[in-house]
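The following exercises concern one protein model. Please work through each task before reading its solution.

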Amino acid sequence: MKEPLVPVIPMSHTAHIRSHRKPRRSATSSIALRAGVAGGVLSMAAAGASASASAAEPVTQTIELPTLTADMSAQVAQSAAATQQAAANYELRAERDAAAAKAATEAKKDLAAAKKAEAKKKAAEAARKAAAERATRSTERATLSASASASTSTSVSAPASGSVATVIAFLKAQVGDAYVMGATGPNAWDCSSLVQAAYKQVGVDLPRVSQDQSMAGTDVPLSSVQVGDILYWGGKGSAYHVGVYIGDGQYLDAANPSKGVVIQDLSGYPASGAVRVL
């Protein structure tokens with residue numbers, strides 16, 4: 001028995017490749033989707049309208065205020081009184097502080113005035129004392145000058161007895177005067193002008209400068225120095241300072257601008273040599 005023949009249908013050369021085209025939606029599915037979307041929009045609109053209507057309605061709430069009783073009135077009155085008292089206390093304290101500050105300021109002013117008055121009093125006293133000392137020195141100088149004139153009228157080359165005392169008295173009358181380089185008195189001296197002026201009181205003319213004064217008179221060993229001898233510092237003939245020995249290990253000189261004319265201990269500033277002119 002022969003098998004039946006199967007007809008052969010020619011196929012395209014791309015028939016074996018699956019199609020990538022999206023299947024078309026059926027008309028029924030599309031209509032349902034559109035209906036659902038429309039229904040959702042309508043539902044949202046209705047909900048919004050309902051919410052707007054609810055929001056537009058005012059909400060009324062009744063708050064019950066507390067009743068003002070007699071106790072509460074008393075408490076309020078007490079609080080007000082306490083506040084007023086505190087304000088009064090603060091004001092009183094501020095007034096006291098201001099008064100204390102003013103009193104302190106006045107006390108400072110009074111103290112400053114008292115100090116100023118005391119300073120003026122001391123300055124006036126110092127001026128009076130200085131004037132009295134100047135007057136005393138002037139009197140002593142006048143007396144010494146008169147005495148020197150009387151003693152030198154008889155003998156200038158050979159001073160009379162007591163000449164050393166006259167020299168020392170003149171020198172001591174100048175203690176406290178100022179030291180000024182080149183000055184020759186009567187209230188300011190340098191070392192050599194003071195020595196020259198002292199010996200001039202008894203008629204002894206000395207050179208003006210310390211170098212030449214160290215060459216005057218007779219050399220005296222420092223171990224044998226006597227009252228009235230001239231002391232010098234530095235080399236003989238080149239001395240840079242001079243003074244006069246007044247006894248008890250002391251000498252008098254116009255020291256320097258800071259000291260002026262003073263009496264000093266020879267042990268504190270030993271001399272280089274001495275000469276005797278009386």
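**Exercise 1.** In what order do the 6 strands of the open sheet follow one another, and is their pairing parallel or antiparallel?

*Solution.* The model is a predicted one, in which local features need pLDDT of at least 70 and side-chain atom pairs count only at pLDDT 80 or more, while totals for chains, interfaces and linings use all residues. Residues are numbered from 1 along each chain as its sequence is written, and side-chain values use heavy atoms, with hydrogens and water left out.

Step 1. Strands (E, at least two residues) and helices (H or I, at least four) are DSSP runs numbered from the N terminus. Two strands pair if DSSP finds at least two bridges between them.

Step 2. The order is S3-S8-S4-S5-S6-S7, and the pairing is antiparallel. At the edges are S3 (218-220) and S7 (261-265), each of which pairs on one side only. On average, neighbouring strands of this sheet are turned by 35° against each other, direction ignored.

Step 3. At one end of the order, 3 bridges link S3 with S8 (residues 273-276); valine 220 stands opposite alanine 274 there.

**Exercise 2.** Describe the surroundings of strand S5 (residues 241-247).

*Solution.* Step 1. Of the 7 residues of S5, 7 are buried (under 20% relative accessible area with a 1.4 Å probe, protein chains only; exposed is over 50%, partly exposed in between).

Step 2. S4 (residues 230-233) is joined to S5 by 4 bridges, and tryptophan 233 has histidine 241 as its bridge partner. S6 is joined to S5 by 3 bridges, with tyrosine 245 opposite tyrosine 251.

Step 3. S5 and S6 make a hairpin with 2 residues between them. In this turn, aspartate 248 has a positive phi near 55° although it is not a glycine. Aspartate 248 counts as exposed because its relative accessibility is 78%.

Step 4. Two helices lie across S5, with contact meaning heavy atoms within 4.5 Å. H3 (residues 163-173) lies across S5 and S6 at about 115° to S5. H4 (residues 191-200) lies across S4, S5, S6 and S7 at about 45° to S5. These angles run from 0 to 180 degrees between N-to-C directions, and the axes are lines fitted to C-alpha atoms, for helices over the stretch in contact.

**Exercise 3.** Which side chain forms a polar contact with that of aspartate 253?

*Solution.* Step 1. Aspartate 253 belongs to S6 (residues 250-254). This residue is buried and has no salt bridge (a side-chain nitrogen of Lys or Arg within 4 Å of a carboxyl oxygen of Asp or Glu). The nearest side chain of opposite charge, lysine 259, is 7.4 Å away; Lys and Arg count as positive, Asp and Glu as negative, and His and the chain ends are not counted.

Step 2. The partner is glutamine 264, at 3.1 Å. A polar contact is a pair of N or O atoms within 3.5 Å; within protein, one must be able to donate a hydrogen and the other to accept it, and residues adjacent in sequence count only if both atoms are side-chain atoms.

Step 3. Beyond four places in sequence, aspartate 253 also touches other residues, including Leu194, His241 and Val261.

**Exercise 4.** Is valine 261 buried or exposed?

*Solution.* Step 1. Valine 261 lies in S7. Its relative accessibility is 1%, so valine 261 counts as buried.

Step 2. Among the residues that valine 261 touches are Val175, Trp189, Leu194 and Asp253.

Step 3. Valine 261 and lysine 172 are 89 residues apart in sequence, and their C-alpha atoms are 8.9 Å apart in space.
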